[in-house]
Amino acid sequence: MLKDWRWLAAAVPALAAAWALARAAAARRDAVAKALGRLETVRRCADDAASARALRARLRLGALACLFLALAGPRWGVELVETRSDARQVVVAVDVSLSMQARDLKPSRLERAKDALSLLLDQLKGERVGVVAFAGEAQVVCPVTSDTEAAKQLLSVLEPGAIAVPGTAVGSAIRLAASMLGRYPGTKAVVLLTDGEDHGTDPVSAAREAASAGVRVYTVGVGTPEGEPIPVGGPGEYKKDAKGATVVTRLGEKALVEAAEVSGGAYYRSTPGEEELAEIVARIKGGAAAKGLAGSAARWKDRAALPLALAFLLLLAELLVPLAPARATRRAAPAAPVAAALTLLLAPAASAATAEGELRAGNRAYADGRHA
């Protein structure tokens with residue numbers, strides 16, 4: 001896994017440019033050598049280090065590639081790290097009862113509530129957030145955490161039937177959410193996403209209890225006062241009561257307004273633009289943050305040190321590659337005495353030959369490759 005793959009994309013033109021510069025330098029050296037004479041002869045006389053230069057160029061290119069890989073931030077393996085942050089604590093309670101299937105808000109009340117939850121989690125990054133789902137009873141879906149992305153992964157479980165007990169227990173949801181926040185200092189809030197129908201759990205008393213623990217309740221009514229039948233089964237099939245009449249579920253705002261007021265929070269009706277969520281977040285973030293909360297978070301292990309170390313080793317190896325091979329020094333030592341001995345042995349023949357004959361002989365030897 002890479003932290004920023006764009007560095008790898010940038011490595012391609014950078015490596016291509018470095019390779020082109022190395023090729024251009026080699027071509028320029030060859031051009032200078034050709035200007036002095038036959039290329040093979042000049043290289044031999046100068047004891048050329050073309051292969052050493054090529055190796056050094058490859059090592060430099062390898063080091064450059066490793067540097068770009070390190071900048072891309074390779075990461076693998078997971079580690080738990082202790083975190084300390086200043087944050088506010090929020091629990092969002094989502095109604096998943098059967099009445100949330102009504103379609104007076106499109107595509108349905110529940111889908112609108114899930115969209116609102118997702119937007120809240122995005123806007124509450126940096127805070128500590130938990131999620132509760134409720135129908136006839138309330139259950140914790142996500143404990144209070146600073147990892148809002150992990151909380152968003154759990155949206156898929158918020159479906160009708162996720163809570164086995166039928167009904168709508170708004171009061172139970174407030175009590176459970178407030179208990180999750182009880183041990184934290186600083187600003188604490190419960191955001192309730194529901195159509196407001198409650199079956200005897202007294203949400204107003206639950207909100208008053210939450211307020212005594214320093215928890216404010218913000219309620220968002222999801223639905224319309226006119227109401228809508230509750231779809232069940234196939235198209236055109238709706239929930240019916242014991243007498244066979246179609247059940248119409250309506251937004252119950254009265255209890256939601258009272259619960260918000262007694263806790264020092266506020267009530268909002270869900271709107272298509274969801275502007276109410278921004279106002280709720282602004283109110284929450286306007287409160288005092290708890291200082292230095294300790295926690296833990298999982299993060300990828302940073303492995304950038306490995307390609308950096310490899311780049312260092314490649315550059316070190318490049319410095320150790322000699323441009324002047326040692327063999328040239330070893331051969332140069334006996335060259336003077338050998339030449340002197342040959343001069344003494346061949347002196348009579350040389351004196352007998354004419355200058356023109358020596359020149360022809362030298363040209364033939366050079367043409368045959370006998371350069372010594």
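Me: OK, so a helix here is a DSSP run of H or I with at least four residues, and helices are numbered from the N terminus. What does G37 do just after α1?
Reply: G37 takes a positive phi there, about 155 degrees. Keep in mind that this is a predicted model.

Me: And α1 itself, how far apart are its end C-alpha atoms?
Reply: They are 46 Å apart. Helix α1 covers residues 6-36, which is 31 residues, so at 1.5 Å a residue the span should be 45 Å, and the two values agree.

Me: Switching to the sheet. What's the strand order?
Reply: The order is β4-β3-β2-β5-β6-β9, an open sheet of six strands with mixed pairing. At the edges sit β4 (138-145) and β9 (267-269), each pairing on one side only. From one strand to the next, the twist averages 15 degrees.

Me: Is the β2 and β5 pairing parallel or antiparallel?
Reply: Parallel, over six bridges, with β2 running over residues 89-95 and β5 over residues 188-194. Across from V90 you'll find A189 in β5.

Me: Which helix packs on the sheet and touches β5?
Reply: That's α8, residues 253-263, which also touches β6 (215-221) and β9. The direction of α8 makes about 155 degrees with that of β6.

Me: Back to the β4 side. How do β3 and β4 pair?
Reply: In the antiparallel sense, over five bridges, and β3 is residues 128-134. A hairpin of three residues joins β3 to β4. If you want a pair to look at, F134 has A138 in β4 as its bridge partner.

Me: Now the loops. Which peptide bond is cis?
Reply: The one from K106 to P107 is cis, with omega near -5 degrees. You'll find P107 in the loop between β2 and α4 (109-123).

Me: And what about the phi of D202?
Reply: D202 has a positive phi of about 50 degrees, although it isn't a glycine. Look for D202 in the loop between β5 and α7 (203-212).

Me: Last topic, pockets. How much space lies in the second largest pocket?
Reply: About 250 Å³. It is lined by 18 residues, and the closest to its centre are S97, L98, S99, G167 and K239.

Me: How does the lining of that second largest pocket divide into nonpolar, polar and charged?
Reply: The lining of the second largest pocket has 10 nonpolar residues, six polar ones and two charged ones.

Terms used:
Residues numbered from 1 in each chain as written. Predicted model: local features only at pLDDT ≥ 70, side-chain atom pairs only at ≥ 80, totals over all residues. Heavy atoms only, no water. Helix = DSSP H or I, 4+ residues; strand = E, 2+ residues; numbered from the N terminus. Expected span 1.5 Å × (residues − 1). 1 Å grid on protein atoms, 1.4 Å probe; cavity = no way out; pocket = protein on both sides within 12 Å on 5 of 7 lines; lining within 4 Å. Points joined across faces, edges and corners; volume = space filled by probe spheres on them. Nonpolar A, V, L, I, M, F, W, Y, C, P; charged D, E, K, R; others polar. Pairing = 2+ DSSP bridges. Axes fitted to C-alpha atoms, helices over the stretch in contact; angles between N-to-C directions. Contact = heavy atoms within 4.5 Å.
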